[in-house]
Amino acid sequence: MAIVHGKGGSFSWDSGGGTESTKILSWTLDLVSDFAEVTDMGDTWKTRLAGFMDWTATVECLGDEVAEFTSLGATLTGINFQLSTGNTLRGATGICTNMGHSVDSTDAGKLTYTIQGTGAITAP
């Protein structure tokens, strides 16, 4: 298994005039699949069928007092998650469903976005 260092990672999305990327500190991407249980009463082991897939992302960045509220409820298109150079998940679309602020007296203010996927993510 290859080891990836976080400093090569990035998160970006398309806007009307080009690609935007805030001052990203970290991001997480959770991929899930629904399933239906189809176990027969006489079976010993449970049986399941794969269902719909979904994803949610959380992006932590340095706080921006001016532009931060404009993304809440917005649909972000062309979302790209980069783990390292050349290893990018591309073309996703999602809705910014939550924004959280955090402030520490010994650190810069942070803003955390939660993005709910509205379509597939594709690998290169």
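## Salt bridges and cysteines: worked exercises

Asp-107 and Lys-110 form a salt bridge, with 2.5 Å between their closest N and O atoms. This comes from a predicted model, so let's work through it in small steps.

**Exercise 1.** Work out whether Asp-107 and Lys-110 are each buried, partly exposed or exposed.

*Solution.* Start with the cut-offs: buried means under 20% relative accessible area, and exposed means over 50%. Asp-107 comes in at 45%, so this residue is partly exposed. Lys-110 has a relative accessible area of 17%, so this one counts as buried.

**Exercise 2.** Find how many salt bridges the structure holds, and check the pair Lys-46 and Glu-37 against the cut-off.

*Solution.* The structure holds two salt bridges. For Lys-46 and Glu-37, the closest N and O atoms are 3.9 Å apart. A salt bridge needs these atoms within 4 Å, so the pair passes. Now for the surroundings: Lys-46 is exposed, at 52% relative accessibility, while Glu-37 is partly exposed, at 44%.

**Exercise 3.** Explain why Cys-61 is in no disulfide with Cys-96.

*Solution.* First, the tally: the structure holds zero disulfides. Next, look at the distance. The closest cysteine sulfur to that of Cys-61 belongs to Cys-96, and it sits 9.5 Å away, which is too far for a bond. Try it from the other end: for Cys-96, the nearest cysteine sulfur is that of Cys-61, again at 9.5 Å. Last, check accessibility: Cys-61 is buried at 0%, and Cys-96 is buried at 1%.

Definitions and conventions. Residues numbered from 1 in each chain as written. Predicted model: local features only at pLDDT ≥ 70, side-chain atom pairs only at ≥ 80, totals over all residues. Heavy atoms only, no water. Salt bridge = Lys/Arg side-chain N within 4 Å of Asp/Glu carboxyl O. Buried < 20%, exposed > 50% of the residue type's maximum accessible area, 1.4 Å probe, protein only. Disulfide = S-S within 2.5 Å.
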